[in-house]
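Work through the exercises below with the model open. Each task is followed by a stepwise solution.

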Amino acid sequence: TDEGKITVSIRMLKEETDSVAIEFSVIDTGIGIPEIKLEHIFDDFQQATDETSRLHGGTGLRLSIVKKFVELQGGTLIVNSKPGKGSTFGFALNFKKAVAETTEITQADKGMELAERIDNIRVLVAEDMPLNQLLIKIILEDFGFHVDIAGNGNIAIEKLQENKYDIILMDLQMPELNGFEVTEHIRSKMNSQIPIIALTADVTTVDAEKCKAVGMNDYISKPIDEILLHGKITECLKKTN
């Protein structure tokens with residue numbers, strides 16, 4: 001939509017003892033769709049007008065794919081639209097209710113789960129994605145650690161030359177120098193044995209072996225489990241002290 005807004009809403013349509021019907025809808029103030037086109041809009045390779053693809057992109061496949069996914073799950077599709085006013089696309093699905101016991105975790109419980117707290121630890125995080133930087137920083141500061149962020153491999157090396165750190169969290173996929181290249185530089189050129197834990201979105205056997213080969217001490221997959229991360233950091237620091 002060029003101007004205006006997009007609203008995503010969820011509402012319960014019906015509730016029974018063991019199931020619930022929920023409607024999901026996306027409402028926009030965009031270009032809208034002529035009524036004559038509505039019955040074909042979910043067909044493969046269909047666009048509302050010839051200008052739609054040129055001005056707004058798309059192949060005419062996404063609504064077709066959505067329709068197939070929703071119908072495979074026993075749902076129904078909803079579409080309302082007026083040219084120049086906007087459109088509403090939605091679907092309704094039935095969900096079975098789950099019965100689960102929940103336990104409230106207090107900050108004190110969380111501290112006990114993290115076992116022993118280690119103080120005055122300086123951590124260098126080599127990570128190029130701003131959102132990941134923020135999330136990891138929050139987790140580490142919650143542990144009581146001091147955190148520095150390096151947005152790429154070269155910055156990580158510069159920070160290591162200028163400051164003293166106790167451990168490094170190293171993203172494997174970074175611009176300029178990736179995590180493997182930075183680790184190799186630290187081990188061979190800087191002759192440093194500082195503990196390094198790899199951060200990876202996809203832990204494969206190849207990556208795990210390569211981490212070990214270049215001298216990394218451990219690895220953890222994203223999204224990060226903070227309890228597991230604390231345990232790995234603690235273990236690495238114990239081995240080096």
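**Exercise 1.** Locate P223 and state the geometry of the peptide bond that leads into it.

Solution. P223 sits in the loop between β9 (218–221) and α9 (226–240). Helices (H or I, at least four residues) and strands (E, at least two) are DSSP runs, numbered from the N terminus. The bond from K222 to P223 is cis, with omega near -5°. Most peptide bonds are trans.

The model is predicted: local features need pLDDT of at least 70, side-chain atom pairs count only at pLDDT 80 or more, and totals for chains, interfaces and linings use all residues. Residues are numbered from 1 along each chain as its sequence is written, and side-chain values use heavy atoms, without hydrogens and water.

**Exercise 2.** Describe how α6 and α7 pack.

Solution. Take the angle and distance first. α6 (residues 153–162) and α7 (residues 179–189) pack at about 25°, with axes 9 Å apart. Axes are lines fitted to C-alpha atoms, for helices over the stretch in contact, and angles run from 0 to 180 degrees between N-to-C directions. The two helices are therefore roughly parallel (angles under 35 degrees).

Next, the contacts (heavy atoms within 4.5 Å). G153, A156, I157 and L160 of α6 meet V182, H185 and I186 of α7. These residues divide into five nonpolar, two polar and no charged. Here Ala, Val, Leu, Ile, Met, Phe, Trp, Tyr, Cys and Pro count as nonpolar, Asp, Glu, Lys and Arg as charged, and the others, Gly among them, as polar.

**Exercise 3.** Is E176 buried or exposed?

Solution. E176 lies in the loop between β7 (167–171) and α7. Its relative accessibility is 57%, so E176 is exposed (over 50% relative accessible area, 1.4 Å probe, protein chains only). E176 has a positive phi of about 70°, though not a glycine.

Conventions. Parallel < 35°, antiparallel > 145°, perpendicular 65-115°, else oblique. Buried < 20%, exposed > 50% of the residue type's maximum accessible area, 1.4 Å probe, protein only.
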